[in-house]
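Subject: Structure handover

Hi,

Here is the structure I promised to pass on. Have a look at it first, and my notes follow underneath.

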Amino acid sequence: MFSRTPAKPATARAGNESVEIGETLSALERARHFGTSKLSLQRLVFVNELVDTAHDIGFDATVSQLLPLVQRLASDPEVLVRQSLVAHFGDLAGFLIQSDPENGYQKVVDDLLPTVALLLSEKAADVRQGAADALATLASHLRPGEITESGQRRKSGLTEVLMTVIELAHSNDDEDARSAAVQLLNSLAEALGQDLCQSFVGIELVALCEDPSFRVRKATASNFAEVARVMGEATALKRLVPAFSKLVHDAHWGVRKAAAESLVPLAMTLSPEKRKECLTSMVNDLLVDSSRWVRMSGLQQLGYFIASLEVADAVPEGMLLQYVEVVQQSKANPDAADISYHCAYTFAAVTKAMGKASWPSLKAPFVSLCTDVQAKTRKAMAASVHIVAQAVGPELTEAEVLPQFEALLQDTQVEVRQAALKNVAGILRAAPGSSSHRAGLKALQNGMGKVDNWRLRQLAALQLGPICAALVEAPDDLEASEQDSAEAARASRSPSKKGKSAAAKDLTWSVVVPLFLQLCGDAVAQVRDAAAKAAAGILRAAAPEMFLNPGTCVQEEGCSGSSSGLQEPLQAGTNHLVRHLIRTFARARSFRNRMTYIRMCDAIIREAPLHIFSELFLRSLIRLGADRVKNVRLLWANTILPHLRKVGRLGSDNLMIAAATRLQQASAKDNPDDEVARLLAGAQLPAVSPEELAALPGPESDLDDSDAGDGPLGTEGGTGDSSECSDVGAALLEQDAEDATEESFMSALSDRAAPPAEQAPSQREDAGALQIEVPEEAPEAPKPASPSGSAASKAASPAGKPASPTMGPQVPRSPQAPLTPPGHDAVEDGLVQQLEIEREMDETFSDRRLLAEAEAGNPADLELPEKEAYASEAASGPTGGYQEAASDDSKDHADDLLS
């Protein structure tokens, strides 16, 4: 209605007055018009635009035109106008001081402070509270008095503020003003400084403790802590603690209750020895007070006070027993529900202060609070259970703490499970034994089996990295944790097998890896992104042999993968895990999975030795730079460009630089892509030769299915230099054997990831390495067939299956011929069964199946009914085609095409 640029002039009437708002009004004219209007709503508009108008018209016009209007509106008859006015004083003061540090500061002291002081005496509570907040804000802009260049002493803004508050505290006929003064004395203590607090504030606070109004004394009891902290311990013990003791024993129960609630903040301003000496008797008196409400407040603060004493010897003997009794009684007393919550909130601090020796007394309260009927109580316990575990040690954690933690992980309330999920890694670190790790991770696994809330799954994904770190840092066994601290620290930092127990590695494979794969394939993007960030941690925990010192590798960082830089061969499980990641994500039909792979690579580049990325993940990432989906290309550019800077980890990697250059050129020419082009325009990439661009692998759709020359992944633990796949038929038959091996690997992984109750006895008892049946030899390769006719096609199709028409006849190679043409990388090309993908796409898109024949024959002869087409395909081989193609895969592929 009163916007700065209304569509057309508006007319409003107030009595006989007509007010017209024109579009051509300047900011100053608009301020005058609204600031002097008889309509309270227009005056409110002026107040709300006050600071913006000041910035528009400048310092001089603000001082000459706006400040008089501000002083006039301070006595406005409308309460809402005055309340809104004081809320803008802090920003207005900041503008004045920043615009002119000398004159602006003086205007704040001379004009704004008196206006705030006037509003502090308001009868309206909202205006008075707003003025108090404004005064505290103004005090942060002010400084003590100082000598000017002319030798005169400048008027001190802080002194003016203090005098205003003291005058307010002496308002004998207005107890609300005195209560507001108490609040201001505490909130202004830090700005006023130690000298003013010792000379004035402390004296005024002690005097207000004797105020005849219990409301003023109650406000005083709640505003001791900050003044005591600024004054210093010696002055506080001399003046404030005796005055506070009087409030603890005040005749009115409301004052005593306020003192009980403020006792711990006051205690934190004193040293631990003085806390016990001066305040313990006050706590005991509050706990046996005649008022039920005072006792309740004292019981709520009991745990906080015990924790503030810090060491067990400083805690009186009877105080801990009283705390235990409070916990037990609160469970049977519905009126003490808040007490149980406060006890749960402080239980970890109490346990840490009392130590392991007091656990026999604290065990029953711990179980009681973990099983409390209130969700907020269980949540407080779940959020702090790792501190309890650290305090009591590994043995008690495994026997007493873990069972309750497992129950909290599977709690019916989402907020309780969220709090527990955040502390899984902390529990694993507190209990380094293999049995403790197994119990904690199995509880996590069971709890994740019934998660419908995506935020819980996201939180679990965020914990994968810390969980893996906790497993890697764990000593070989429980006894190792009791060795010399220096030796234990060195063992925890070692990435080799010596510092990593077999049991912890087995837990990684049986629980963490399946959960990682599950969350990376989640339907919610935030969950997938969070899980992908844990890729490096997963590899470190599952395959520590990969994380050797990069300086001892054969190759330099940024290698292209042509020869293996891994000192030790990959184990069977690690081989299949890497293969599964590339096949399931880098070469997935769904562009969402391909984006997840990019985020995995980002984590590996940042957190893992660079030779791991260069040898195993580099080529697939390069191909995704030329992906057919815009979202994938845009994410690729956003993620990889920071690593290609001169100081980035890939700044000297020629292949990645060439891939970025190719994407930059393609975005600007072949397929204009404004977002990617804009992103790459500012990248200062080194020059790349045409030969380097030509040597880059193409996008995923151009790949065949050969595993020849597969580098570290070519054979089980091989070096990638074997030439036993020189024949196409042998390569495809070996691929079938490896696919069967990978299926066995994933099946075994799934079986070990199942809850213990669903596993066979032999699986539950096996705590060693993951057992995977790997064929010792691949089936004997058939001899090379002649290159003519259908014989070559049959030789290229294992198990009698028809070859895809898109592949065409295969020409056998001679043993001396290279496996791949120049610029063609076979390391990654052999990781996906292209034949199976072709057949699935033939089933999903029936027209595609006739493409090769349509190019060679008469299109009119290809118009077959759908049933005949399927029958023809079924007769072509024993499999009969993939008539039961997964609907999800076809849907994802359709999404890719649409994108």
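Let's start with one glycine: G94 is buried, at a relative accessible area of 11%. (Buried means under 20% relative accessible area, exposed means over 50%, and partly exposed is in between, using a 1.4 Å probe and protein chains only.) G94 sits in helix α6, and its C-alpha atom is 8.6 Å from that of L138, 44 residues away along the chain. A word on naming: helices (H or I, at least four residues) and strands (E, at least two) are DSSP runs, numbered from the N terminus.

Before you go further, keep in mind that this is a predicted model: local features need pLDDT of at least 70, side-chain atom pairs count only at pLDDT 80 or more, and totals for chains, interfaces and linings use all residues. Residues are numbered from 1 along each chain as its sequence is written, and side-chain values use heavy atoms, with hydrogens and water left out.

The overall picture

The chain's secondary structure comes to 45 helices and two strands. Of its 899 residues, 50% are buried. Contact here means heavy atoms within 4.5 Å. Among the contacts with a separation of 6 or more, 71% are between residues 24 or more positions apart.

The core

The largest nonpolar core has 231 residues. (A nonpolar core is a set of buried Ala, Val, Leu, Ile, Met, Phe, Trp, Tyr and Cys residues joined through side-chain atoms within 4.5 Å.) Which residues have the most contacts inside it? They are F613, F617, L621, W636 and M656. If you click on L621 and ignore its neighbours within four places in sequence, you'll find it in contact with Y597, I598, C601, I605, F613, W636, I640 and M656.

Back towards the N terminus

Helix α5 (residues 79–87) has V81, R82, S84, L85 and V86 as its buried residues. What covers them includes α2 (40–48), α3 (50–57), α4 (59–73), α6 (89–99), α7 (101–120) and α8 (125–139). So α6, the helix that holds G94, is one of the elements covering α5.

Further along, T220 lies in helix α12 (residues 214–221) and is buried, with a relative accessible area of 0%. Neighbours within four places aside, T220 is in contact with V182, L205, L208, C209 and L247.

M268 is in the loop between α15 (253–267) and α16 (272–287). Is M268 buried or exposed? At 48% relative accessibility, M268 counts as partly exposed. Leaving out neighbours within four places, M268 is in contact with R275 and S308. Its C-alpha is also 8.7 Å from that of R229, with the two positions 39 residues apart in sequence numbering.

Two helix pairs

Axes are lines fitted to C-alpha atoms, for helices over the stretch in contact, and angles run from 0 to 180 degrees between N-to-C directions. Angles under 35 degrees count as roughly parallel, over 145 as roughly antiparallel, 65 to 115 as roughly perpendicular and the rest as oblique.

Helix α20 (residues 359–370) packs on helix α22 (residues 394–409) at about 10°, with the axes 10 Å apart. The two are therefore roughly parallel. W359, K363, F366, V367 and C370 of α20 meet L396, E400, V401, Q404 and L408 of α22. By class, that contact has seven nonpolar, one polar and two charged residues. (Ala, Val, Leu, Ile, Met, Phe, Trp, Tyr, Cys and Pro count as nonpolar, Asp, Glu, Lys and Arg as charged, and the others, Gly among them, as polar.)

Helix α23 (residues 414–421) and helix α26 (residues 454–473) pack at about 5°, again with axes 10 Å apart, which makes α23 roughly parallel to α26. Here V414, R417, Q418 and L421 in α23 meet R455, L456, L459, A460 and Q463 in α26. The classes are five nonpolar, two polar and two charged residues.

Aromatic rings

How many aromatic pairs does a search of the whole structure find? Six. (Rings of Phe, Tyr and Trp, the last by its six-membered ring, pair if their centres lie within 6.5 Å; planes under 30 degrees apart count as stacked, over 60 as edge-to-face and the rest as tilted.) Y341 and Y345 make a tilted pair, 6.0 Å centre to centre with 50° between the planes. Both lie in helix α19 (residues 337–354), four residues apart, about one turn of the helix. Y341 is partly exposed at 25%, while Y345 counts as exposed at 51%. Ring pairs link these two with Y304 into a cluster.
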